Structures are given as C-alpha cells and as structure tokens.
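Trainee: Could you take me through how to read the overall fold and the interior of a model such as this one?
Mentor: Let us look at the model together and go from the whole chain to its core.

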Amino acid sequence: MPLTPYSGPIIDSHLHLFDPHRPQGIPWPEPGNRLYAAHLPADYWAVAGQHNVVGAIAVEASPWRDDNRWLLDALRSDPRMLGFVGNLDPLHASFANDLDALADDPLFLGLRYGNLWDRDLLLDQTRPGFIDGLRQLAATGRSLDSANPDPRLIKGLLHLSDALPELRIIVDHLPNAQVPAAQEAAFNADLLRLAERPNVFAKLAEIPQLGPQGLITDTAFYNDRLAVLWEAFGEDRCFFGSDWPNSDHLADFATTLGLVKRCMAGKPEAKQAKFFLHNAVRIYTPTPPHGDH
C-alpha cells in the first residue's frame, strides 16, 4: 500500500510567542539565544499559513504571572489563534484569583506545569494547597499540560492522576523524552500505566532529532518510539504540535511538518485527520463548553 501523507487542514497545538523588545523583557529565551527575537502571531503565520494550518494554540513560555495576560492580548487580533495554555503556580498565594480571572475568557484552555522553572511536579504536589489548586483548574473544565518529560515527571503525573482523575492531563513532547538507560524500564512501565487513564493525552511535539549528520530524516528512526506511543494512547488521544519556534534549532517549520507527515503517512486518512486536526479541538475544548455552567 503506498504511503499517503496527510494533506488536509491542520491545527498546531504547541507554539510559543514572546517579544524581547518589551520594556520588561522576557525570562526566556535569553540574550544570545538564536530565538532572542520577536515571535508573534504574524511571524508564525508567515511560515505556517502556506501549509494548510488553519488554527494554532499557544503555550506560555514564561513563569511571570502578568505574561498570561500579555499572551492573551497577543492572540486576540487573529481568529486563527484558537487559545492558549497559561502558566500559573498552584502554590502561589494569588493562584485562585488569577485562575478565576482567566477562566472567564474562552481563549484560556488550561495551564502548564512540569519540571522547569525550578519546579518539580512530583515533589510540589505533596505541598499544602497544590492539589487543591489543580482541583480548581479541573473545576473550570480546563486541562493541565506537562513540560519536558523524563522518568520523574511521568511518575509525578501518575501520582497526580491518582489524586485528580477528573483532571485532563496532556503530556507534552513525549517523543523527545529524556530517559537514562538505567531508568528506561521503569519509565516505560510508568508511561504505560499513565496511558491507561482515559483522561491523559499525548501531544506528539518534538519528534525531529539530530544525529551526527544533522537532522535525521529517515522515518524508520522514529517508527519504534512513535509506535509505542500510538499503541499506548490510541488514535483518539495523540495529536500534533510543532513546538515553533523552539523547533527551529532542528529544522524550519516546513521541514518539521513534512517529517511528521511522513511519519504518520502509513495510517489511514481518517486517523491522520484525527492526529493533525480533530483531536486537538476535542481535547482542549473546556468541559463543560464555554457558557454552559
């Protein structure tokens, strides 16, 4: 059977926006980083619009509370920006008020928390107030994205799912999980346990990887890991994200998207459409939907 790469409309569920030229600057990326330049919706659509991307979801790349509002304002002028995943700390004294303020906006789709910005999900959820904060998030109908998967993060997500089975959890960047060889068996076991929970989803961003000769373009290199994730989470819980512009350190947008399409080309068209389009909408739609209280 010939491989048929997906050619339909796409929703990109993972991109970052920032502007180092703001008076207050930005916490990431730092000066000297090749990404240290304005990356705004117009910049994204200049590279993505020609590839049948019809909608996109921004993920906050700053831990500063006020930047949730900045990101929200940056999205409002472009209807193709479907919403954003914010960044709030459940341990912060203002968390409940900040969450309430965001929850009234239909562009707010959830929060991100993981092992970055000196955070540790496994440890932090044992601290007073953390689980209660994420219980409030679940009550708004929004989801939780994780960040930067490794064995400790997956274990933390398992514990969190046990404590809050009603919380939708989206595991970001799973194809690029950093797993030491000595921990691989435990990681795989925990990941399969996590995938058994119907409220846990796999955002398959950060698929491309570099080898000694640069970007690895042979899809056979990626097949085993992607097959494990697809088998574990299923066609209804895996979906696409580009990780633009962070992905640019590996390849440009067109190359990244083309590689992912080739990796998925062996699946029936309907399953590819779920991966590139339909699943993101369903997974990020608040439950109950906006206005249904």
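Trainee: Before anything else, what share of the residues counts as buried?
Mentor: Bear in mind that this is a predicted model; of the 293 residues in the protein chain, 54% count as buried. The chain exposes about 12,900 Å², of which carbon and sulfur atoms supply 54%.

Trainee: How many helices and strands are there in the protein chain?
Mentor: The protein chain has 10 helices and 10 strands. Its radius of gyration is 18 Å, close to the 19 Å from the globule rule for 293 residues, so the chain is as compact as a globular protein of that length. Among contacts between residues at least 6 apart in sequence, 78% join residues at least 24 apart.

Trainee: Which feature does UniProt place at residues 11-284?
Mentor: The unreviewed UniProt entry places "domain: Amidohydrolase-related" there; over residues 11-284 the chain is 40% helix and 15% strand, with the end C-alpha atoms 12 Å apart.

Trainee: How should I read the nonpolar core?
Mentor: In general, nonpolar side chains in soluble globular proteins tend to be buried together. Here the largest nonpolar core has 80 residues, and those with the most contacts inside it are Tyr44, Leu160, Leu167, Leu204, Phe233, Phe275 and Phe276. Helix α10, residues 269-284, gives the most to this core, with 7 residues.

Trainee: Which residues is Leu160 in contact with, leaving aside its neighbours within four places in sequence?
Mentor: With those neighbours left aside, Leu160 is in contact with Leu121, Gln125, Ile131, Leu134, Leu144, Leu167 and Ile169.

Conventions:
Residues are numbered from 1 along each chain as its sequence is written. This is a predicted model: local features need pLDDT of at least 70, side-chain atom pairs count only at pLDDT 80 or more; totals for chains, interfaces and linings use all residues. Side-chain values use heavy atoms; hydrogens and water are left out. UniProt positions are given in the numbering used here, feature names are shortened, and annotations may be inferred rather than shown by experiment. Helices (H or I, at least four residues) and strands (E, at least two) are DSSP runs, numbered from the N terminus. A nonpolar core is a set of buried Ala, Val, Leu, Ile, Met, Phe, Trp, Tyr and Cys residues joined through side-chain atoms within 4.5 Å. Buried means under 20% relative accessible area, exposed over 50%, partly exposed in between (1.4 Å probe, protein chains only). Contact means heavy atoms within 4.5 Å. The radius of gyration is taken over C-alpha atoms; the globule rule is 2.2 Å times the number of residues to the power 0.38. Accessible areas come from the Shrake-Rupley method with a 1.4 Å probe; for residues, only the protein chains shown count as cover.
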